[in-house]
Amino acid sequence: MSFNTGLSGLNAASRNLDVIGHNIANANTTGMKAGRAEFAELYAASIGASGGTAGGIGVEVAAVSQLFTQGNISITGNDLDLAINGNGFFNVTQTTGDVAYTRSGAFKLDKEGFLVTNSGAKLNGFQVDPATGTVLRGALPTPLQLPTAKGLPAQLTTNIVAGLNLDARAAVAVETPAVPPATLSTFEPPLETYGTSVVVYDTQGIGVPVNLYFVKSDLNQWDVYSKAGGNDPVELGTIQFDSQGKIDPASLASLAVINVPTTSVPPITPADPGPPPVPAVLDTFEVTLNLEELTQFGTRFSVYQLEQDGYAPGELTGLTIEENGELLARYSNGESVLSGQLALSTFRNLQGLQPQSGGYWLRTLESG
């Protein structure tokens with residue numbers, strides 16, 4: 001009996017060394033959680049034995065517990081290396097189709113655009129509704145795939161937002177009506193004195209310059225002109241300011257939209273290798289001008305906001321993952337598009353998870 005008691009101690013110590021050796025061997029394994037051998041003493045079952053007379057018969061390893069404590073977070077310089085700050089596991093779909101969980105955030109892009117682990121498990125997350133551009137967080141997590149096989153199509157400009165300050169000290173402009181065959185009036189100071197420009201985009205992503213001009217026509221009153229493409233300036237309407245330099249919203253309602261020409265270049269045929277063809281105007285598209293942020297203060301003319309909602313087509317150049325797990329695809333045209341959001345999973349009983357080779361855990365009835 002004494003020999004068996006001592007042997008149980010050696011077996012338990014050997015098992016403990018196995019756990020310690022496993023921890024040391026995986027010291028540099030990303031996302032690895034150390035194990036801990038937990039011992040329990042052994043007693044022989046005996047009817048009528050009391051606490052003062054029962055002799056122990058050795059020791060056993062009751063469990064090898066995982067230590068799910070926060071590890072160190074280090075910067076790697078790789079945009080696809082992720083770390084979880086706090087509780088939770090990355091949710092992945094293995095090559096067998098089973099869902100597993102891992103703390104290892106070393107992900108890569110495969111040839112189809114999926115975010116995968118080194119063993120090929122696909123990172124799961126919430127997809128984006130193509131109609132609204134919002135994340136579908138109510139759905140089950142599915143493998144996240146980036147649109148690596150195609151670029152971002154062009155988006156038509158429909159709105160221009162301009163924030164400017166028009167100098168309240170400016171003199172009222174003097175207009176000289178056009179003399180035929182000229183069709184445009186001239187102004188003093190010139191039309192371009194208070195002006196700015198922005199590039200808008202048609203349905204094919206072709207950029208068209210649009211100039212905006214402001215001409216003071218009376219006290220607290222300015223006429224708005226636009227020049228789109230190669231067209232002549234066109235008056236859009238008149239805006240009013242109150243005595244405090246704030247724009248009158250009612251005057252904005254009367255502003256006309258900007259008609260922007262769409263251009264297309266006819267193809268050069270092999271039979272006609274002459275000079276480059278001249279762009280032909282095919283159609284126009286309307287752009288709304290938002291001037292709600294305009295002010296008229298007694299300081300110099302300045303432009304502090306000038307935005308439009310269109311863009312040219314672009315190719316995928318990179319990926320950014322935000323702190324909240326949102327995936328932003330970056331394109332060569334400067335746009336970033338929300339492409340999904342990572343899903344994290346957690347469990348009531350972490351010790352109930354079943355460890356698996358490769359840094360994965362599987363859920364069980366015990367894990368909850």
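This is a walk through the pockets, the cavity, the unusual backbone spots and the salt bridges of the structure above. Keep in mind that we're looking at a predicted model.

Let's begin close to the N terminus, with helix α1, which covers residues 2-25. Phenylalanine 3 sits in this helix, and with a relative accessible area of 64% it is exposed, because anything over 50% gets that label. Phe3 doesn't stand alone, either: together with Leu7 and Leu10 it makes a nonpolar surface patch of about 340 Å².

Helix α1 turns up again when we look at open space on the protein. Rolling a probe the size of a water molecule over the atoms is how you see where empty space is left. The largest pocket holds about 1,200 Å³ of space. It has 37 lining residues, and the ones closest to its centre are Ile73, Asp81, Leu82, Ala83 and Ile84. If you sort the lining of the largest pocket by class, you get 14 nonpolar, 17 polar and six charged residues.

The second largest pocket comes in at about 510 Å³. Its lining is made of 24 residues, with Met32, Gln356, Gly358, Gly359 and Tyr360 lying nearest the centre. Which elements give two or more residues to that lining? They are helix α1, strand β2 (56-66), strand β23 (354-356) and strand β24 (360-362). By class, the lining of this second pocket has seven nonpolar residues, 16 polar ones and one charged one.

Now for enclosed space. There is one cavity of 30 Å³ or more, and the largest cavity contains about 60 Å³. Around the largest cavity you'll find Ala171, Ala173, Pro189, Pro190, Leu191, Thr193, Tyr194, Phe214, Val215 and Lys216. That lining breaks down into eight nonpolar residues, one polar and one charged.

One of those cavity-lining residues, Pro189, is also worth a look for its backbone. Most residues other than glycine have a negative phi, and most peptide bonds are trans. So what is the peptide bond from glutamate 188 to proline 189, cis or trans? The bond is cis, with omega near 0 degrees. Proline 189 itself is in the loop between β11 and β12 (195-201). Another cis bond runs from proline 180 to proline 181, this time with omega near 10 degrees. Proline 181 belongs to the loop between β10 (174-176) and β11 (186-188). As for phi, asparagine 220 has a positive value of about 60 degrees, even though it isn't a glycine. You'll find asparagine 220 in the loop between β13 (207-218) and β14 (221-228).

The loop between β10 and β11 also holds serine 185, which is partly exposed at 28% relative accessibility. Just before that loop, strand β10 contains glutamate 175, also partly exposed, at 46%. Serine 185 and glutamate 175 are ten residues apart along the chain, and their C-alpha atoms are separated by 6.6 Å. Set that beside another pair: glutamate 175 and glycine 207 are 32 residues apart in sequence, and their C-alpha atoms are 32 Å apart in space.

Last stop: charge pairs. Side chains of opposite charge can pair when their charged atoms come close. How many salt bridges does a search of the whole structure find? It finds two. In one of them, glutamate 326 pairs with arginine 137, and the closest N and O atoms are 3.5 Å apart. Glutamate 326 is in strand β20 (residues 326-331), while arginine 137 is in the loop between β7 (122-126) and β8 (142-143), so this pair ties together parts that are 189 residues apart in sequence. Glutamate 326 counts as buried, at 18% relative accessibility, whereas arginine 137 is partly exposed, at 49%.

The other salt bridge joins the side chains of arginine 169 and aspartate 167, with 3.0 Å from N to O. Here arginine 169 counts as exposed, at 58% relative accessibility, and aspartate 167 is buried, with a relative accessible area of 10%.

Definitions and conventions. Residues are numbered from 1 along each chain as its sequence is written. This is a predicted model: local features need pLDDT of at least 70, side-chain atom pairs count only at pLDDT 80 or more; totals for chains, interfaces and linings use all residues. Side-chain values use heavy atoms; hydrogens and water are left out. Patches are made of residues with over 30% relative accessible area and no salt bridge: like charges are joined within 9 Å, nonpolar side chains (Val, Leu, Ile, Met, Phe, Trp, Tyr) within 5 Å. Accessible areas come from the Shrake-Rupley method with a 1.4 Å probe; for residues, only the protein chains shown count as cover. A salt bridge is a side-chain nitrogen of Lys or Arg within 4 Å of a carboxyl oxygen of Asp or Glu. Helices (H or I, at least four residues) and strands (E, at least two) are DSSP runs, numbered from the N terminus. Buried means under 20% relative accessible area, exposed over 50%, partly exposed in between (1.4 Å probe, protein chains only). On a 1 Å grid over the protein atoms alone, a cavity is a set of points where a 1.4 Å probe fits but cannot get out, and a pocket is an open set with protein on both sides within 12 Å along at least five of seven lines; lining residues have an atom within 4 Å of a point. Grid points are joined across faces, edges and corners, and a volume is the space filled by probe spheres set on the points. Ala, Val, Leu, Ile, Met, Phe, Trp, Tyr, Cys and Pro count as nonpolar, Asp, Glu, Lys and Arg as charged, and the others, Gly among them, as polar.
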